[in-house]
Amino acid sequence: MEAMSGKIVENVTVSQCYQLTREVSMDCHSFHAIAQLIKIPEQFCKARNCSLQWSVLDSHYPAAASTTAVPYLEKVDLLKLQNGSDIRGVAVAGVEGEPLNLTEPVAEAIAAGFAAWLVEKKKADSKCLRVSIGHDSRISAQKLEDAISRGIAGAGLGVVQYGLASTPAMFNSTITEDDDFLCPADGAIMITASHLPYNRNGFKFFTNAGGLGKADIKNILERAADIYTKFTVEGLTSSKEKALASVKRVDYMDVYTSDLVKAVRKAAGNIEKPLEGFHIVVDAGNGAGGFFAAKVLEPLGAVTSGSQFLEPDGMFPNHIPNPEDKAAMKAITQAVLDNKADLGIIFDTDVDRSAAVDSTGNEFNRNRLIALMSAIVLEEHPRTTIVTDSVTSDGLTTFIEQKLGGKHHRFKRGYKNVIDEAIRLNSVGEESHLAIETSGHGALKENHWLDDGAYLMVKILNKLASARASGHGGGSKVLTDLLEGLEEPGFSVELRLKINQIHQDLQGGYAIEYAYSL
């Protein structure tokens, strides 16, 4: 069903049955035949004229006199799906050594766990809750979106599907005030596994306070594990029917991209097309970032011919959508040179990371991206603290502190760790406006401390547009000049080892626990 801007499409069709990996004694029609749905007490919310169930968990395993156990549930340790402040798992079978553990029932249980967490978190509110759901281009995205929708709807909360979206847009849906797009959402879920291979997927969660932390994710998975073991045919049938009856769909990306366009125009003095005359190519790596060329750059006047891999394709046939990947950076660099473009922009799968290339093929990536963003931010906020992860170079520290006049604060790896540290510094009186990892996760205080690859590129575009507006030409040279004096590391390499999670030596435990035991 095609979404329309500003229009709500009711009763989005979700999957009629789980895609089973084995034969079972009942199909979906049998489920309907035996289901004896029990009504749950509801309270009506005046704010949105809708209802919220008293018990989130009852909708998944109602207290019936007789219930039917679900015959096809795999045994899954849901707590092992935690990946820091995200959830990650294997959603597509077929890769040796990577057993399926992010199935539709697991996803539904996780969604129900999030719903229970959200109800508890927002209990002071006298309104019904609704959750927005979006996904990147992965081949497992649709079935997981349907499962998540069932889990949320089955718990009595409203569901708004966005379809293909970016991770930053999902957070923004919790702070946008726009009734036409059913905003703000009380919670948001992004279905993504970032740059990981096609068979992986996962979830990121947001409220208007930002992304959830490690403790929240553990709490949700503990709730989900309990729900998963108590699933019944009746409960699953009920959640499916509620989703069919209540799920809505909107094209929220129109709102998000419009805000990005407005930000660039404002920085250029409210010029309608501040990028007119610039040739900028985009490489989306067949992820969710293809919107940036047509919906952000072109309305600002930029020429985007030569942009590549904008079409979503969850098999990622051209290169890994990862700004840290050498093949990906080579692809966008070549596109810039072949098209004689002023600038190249590349995103990861869900657009929370990005990098750029100037007209001569010089990369703004890793240390160089941090240096560029530091230069831009310190022009706006002199002497502010720049928070980075721990693997940045000493040359970068010298550049930030001696050339730019700021303070470089290194912290432990993990984008959420870096962001939380910047927030902490501000809370104790040390001003910080930028938290950024070498991976390309960059968050600004002015943008709600959200790691947003598109917004990071908007800051770079702002610099181009404002330079043009003040009479300084030279294309992307204005950006390259900002890095003058940056000492580059002589050698830099990062090794990532693939771990067989079902290796016999692990004995069903975690690889990190095994490593500590040696």
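Which residues in α10 meet which residues in α11? The legends below concern a predicted model, and the first of them takes up this contact.

**View 1. The contact of helix α10 with helix α11.** In this view, Asn367, Ile370, Ala371, Ser374 and Leu378 in α10 meet Leu396, Phe399 and Ile400 in α11. Of the residues of this contact, six are nonpolar and two are polar, while none is charged. The axes of α10 (residues 367-380) and α11 (residues 394-403) come within 10 Å and cross at roughly 10°. Because angles under 35 degrees count as roughly parallel, α10 and α11 are therefore roughly parallel to each other.

**View 2. The open sheet of five strands with helices α10 and α11.** The strands of this open sheet follow the order β17-β16-β18-β19-β20, and their pairing is mixed. At the edges stand β17 (407-411) and β20 (450-451), each of which pairs on one side only. Within the sheet, strand β16 (residues 385-389) pairs with strand β18 (residues 432-436) in the parallel sense over four bridges, and Thr385 has Ser432 in β18 as its bridge partner. Helix α10 lies across β16, β18 and β19 (442-444) and runs at about 170° to β18, whereas helix α11 packs on the sheet by touching β16 and β17, its direction making about 145° with that of β17.

**View 3. The open sheet of four strands with helix α9.** Here the strand order is β12-β13-β14-β15, again with mixed pairing in an open sheet. The edge strands, β12 (280-283) and β15 (363-364), each pair on one side only. Strand β13 (residues 343-347) and strand β14 (residues 354-358) are joined by five bridges in the antiparallel sense, with Gly344 standing opposite Val357 in β14. Helix α9 (residues 326-339) packs on this sheet and touches β12, β13, β14 and β15, and its direction makes about 155° with that of β12.

**View 4. Strand β9 and its pairing partners.** Strand β9 (residues 200-207) is mostly covered, with seven of its eight residues buried. Strand β5 (residues 86-90) pairs with β9 in the antiparallel sense over four bridges, and Arg88 stands opposite Gly202 in β9. Strand β8 (residues 187-191) also runs antiparallel to β9 and is joined to β9 by four bridges, Ala188 having Phe206 in β9 as its bridge partner. With strand β10 (residues 210-211), β9 pairs in the antiparallel sense over two bridges, and the bridge partner of Phe206 in β10 is Gly211. Together, β9 and β10 form a hairpin that has two residues between the strands.

Definitions and conventions
Residues are numbered from 1 along each chain as its sequence is written. This is a predicted model: local features need pLDDT of at least 70, side-chain atom pairs count only at pLDDT 80 or more; totals for chains, interfaces and linings use all residues. Side-chain values use heavy atoms; hydrogens and water are left out. Two strands pair if DSSP finds at least two bridges between them. Contact means heavy atoms within 4.5 Å. Axes are lines fitted to C-alpha atoms, for helices over the stretch in contact, and angles run from 0 to 180 degrees between N-to-C directions. Angles under 35 degrees count as roughly parallel, over 145 as roughly antiparallel, 65 to 115 as roughly perpendicular and the rest as oblique. Ala, Val, Leu, Ile, Met, Phe, Trp, Tyr, Cys and Pro count as nonpolar, Asp, Glu, Lys and Arg as charged, and the others, Gly among them, as polar. Buried means under 20% relative accessible area, exposed over 50%, partly exposed in between (1.4 Å probe, protein chains only).
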